[in-house]
Amino acid sequence: MEAPAVIFYVLASIALLAAVMVIWSRNVVHSAIYLVLTFLCVAAVYVLLRAEFVAAVQVLVYAGGIVVLFLFVIMLVSLQDTLGPRIRLHATVSGILGATVVGLILYVYSRGPLATERLLSVPPEDSAGNLQSIGQALYRDFVLPFEIASILLLVAMIGAIVLAHQKH
Amino acid sequence: MPVPPNHVLVFSLLLFAVGVLGVLTRRNAIVILMSIELMMNAANVNFIMFSQRLHDLAGQVFSVFTIAVAAGEVAVGLAIVLALFRNRDTVYVDEVHIMKG
């Protein structure tokens with residue numbers, strides 16, 4: 001097994017363990033820190049998949065921005081979370097059903113052409129670099145969605161300010 | 001990367017399943033928002049994997065849009081949590097049932 005494959009499996013295991021700890025730990029601050037670990041491991045997987053720009057955006061926006069927002073709200077709202085996950089009877093039944101569905105999907109994954117081929121590690125044919133290609137795609141083929149995304153962010157910002165604004 | 005694509009798909013499937021589990025079992029609204037972020041990350045992993053496999057940049061562009069939507073969603077969601085805490089003094093979703101019929 002080559003080194004990138006080993007790195008991928010290690011990163012995926014760490015990301016999954018950290019994701020489980022996000023929903024398992026009772027302290028919300030610990031959840032946020034494990035969330036950072038998950039985001040960083042997923043960003044490293046993006047680098048392995050040759051999506052360097054998305055990896056950088058992931059680190060900047062998720063690990064840098066969103067988690068800080070979470071930590072601010074945690075500090076504003078409550079310090080300790082004493083209620084852990086709650087698993088009751090109907091949760092157990094639906095868990096068994098969900099595990100069956102996951103098993104079916106795994107079975108389908110293990111049979112198709114996706115199981116036999118390998119992801120190539122050669123760069124794409126336009127070797128201008130990931131950042132330049134994405135910039136050209138964003139501003140040439142996806143201009144309208146790009147502008148709509150900016151309007152969406154503006155609306156979300158105004159909505160967050162209106163919702164969180166303290167009225168006296 | 002000499003990894004079969006379905007292993008990346010399994011990774012994203014398990015990440016998504018952990019997110020669903022968090023949304024369904026946790027009662028703290030902040031942790032529920034974190035689980036939604038986990039699910040969005042799982043979807044992004046799929047986008048990036050197929051973008052690499054099909055040599056098509058549209059997947060990466062889409063994941064950038066997903067990240068933008070996730071940022072907006074988490075800002076509005078946390079503002080809702082904050083307003084909820086101001087008005088009802090709780091962040092536990094099973095103590096909030098004003099819209100229950």
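In the predicted model, D89(B) lies in the segment that follows helix 3 of chain B. Directly after that helix, the backbone of D89(B) adopts a positive phi of about 65°, although D89(B) is not a glycine. Most residues other than glycine have a negative phi. D89(B) counts as exposed because it has 10 C-beta neighbours inside 10 Å. Helix 3 of chain B itself comprises 31 residues, for which a span of 45 Å is expected at 1.5 Å a residue; the C-alpha atoms at its ends are 44 Å apart, which agrees.

The end of helix 2 of chain B can be described in similar terms. This helix is followed by H55(B), whose phi is positive, near 55°. Helix 2 of chain B contains 26 residues and reaches 38 Å from its first C-alpha to its last, close to the expected 38 Å. Burial is extensive along helix 2 of chain B, with 19 of its 26 residues buried, so that the helix is mostly covered.

As a whole, chain B contains three helices and zero strands, arranged along the sequence as α-α-α. Its radius of gyration is 17 Å, well over the 13 Å given by the globule rule for 101 residues, and chain B is therefore more spread out than a compact globule. Taken along the principal axes, the C-alpha atoms of chain B fill a box of roughly 50 × 25 × 25 Å. Of the 101 residues in chain B, 53% count as buried. Among the contacts in chain B between residues at least 6 apart in sequence, 46% join residues at least 24 apart.

Chain A is likewise built without strands: six helices and zero strands are assigned, and from the N terminus on its elements run α-α-α-α-α-α. Of its 168 residues, 25% count as buried. For contacts in chain A with a separation of 6 or more, residues 24 or more positions apart account for 56%. The domain assignment divides chain A into domain 1 (1-79), domain 2 (80-112) and domain 3 (128-168). The C-alpha centres of domain 1 and domain 3 of chain A lie 22 Å apart.

Helix 2 of chain A has 21 residues and an expected span of 30 Å at 1.5 Å a residue, in agreement with the 30 Å between its end C-alpha atoms. Helix 2 of chain A is mostly covered, with 15 of its 21 residues buried. Just after this helix, R50(A) takes a positive phi of about 60°, although R50(A) is not a glycine. R50(A) is placed in the loop between helix 2 and helix 3 of chain A, and R50(A) counts as buried because 20 C-beta neighbours lie inside 10 Å. In helix 1 of chain A, A5(A) counts as partly exposed, with 17 C-beta neighbours inside 10 Å. The C-alpha atoms of A5(A) and L48(A) are 9.1 Å apart in space, although these residues are 43 residues apart in sequence.

The contact between the two chains takes 58 residues from chain B and 70 residues from chain A. On the side of chain B that touches chain A, the elements that give two or more residues are helix 1 (5-25), helix 2 (29-54) and helix 3 (58-88) of chain B. The largest share of this side, 20 residues, comes from helix 3 of chain B. By class, the side of chain B that touches chain A has 42 nonpolar, 12 polar and four charged residues.

Residues from both chains are also found in the largest nonpolar core, which has 71 residues; V45(A), Y46(A), L15(B), I30(B) and V45(B) touch the most other members. The elements that give two or more residues to this core are helix 1 (3-24), helix 2 (28-48), helix 3 (52-77) and helix 6 (143-164) of chain A, together with helix 1, helix 2 and helix 3 of chain B. Because domain 1 (1-79) and domain 3 (128-168) of chain A both give residues to this core, the core lies between them. Leaving aside residues up to four places away in sequence, V45(B) touches V42(A) and V45(A) in chain A, and V8(B), F11(B), S12(B) and L15(B) in chain B.

Technical notes. Residues are numbered from 1 along each chain as its sequence is written. Chains are lettered from A and ligands numbered from 1 in the order in which they are written. This is a predicted model: local features need pLDDT of at least 70, side-chain atom pairs count only at pLDDT 80 or more; totals for chains, interfaces and linings use all residues. Two residues are in contact if their C-beta atoms, placed from the backbone, lie within 7 Å. Helices (H or I, at least four residues) and strands (E, at least two) are DSSP runs, numbered from the N terminus. Ala, Val, Leu, Ile, Met, Phe, Trp, Tyr, Cys and Pro count as nonpolar, Asp, Glu, Lys and Arg as charged, and the others, Gly among them, as polar. A residue is buried if 20 or more other C-beta atoms lie within 10 Å of its own, exposed if 12 or fewer, and partly exposed in between; C-beta atoms are placed from the backbone. The expected span of a helix is 1.5 Å times one less than its number of residues. Domain bounds come from an automatic or database domain assignment. A nonpolar core is a set of buried Ala, Val, Leu, Ile, Met, Phe, Trp, Tyr and Cys residues joined through C-beta atoms within 7 Å. The radius of gyration is taken over C-alpha atoms; the globule rule is 2.2 Å times the number of residues to the power 0.38.
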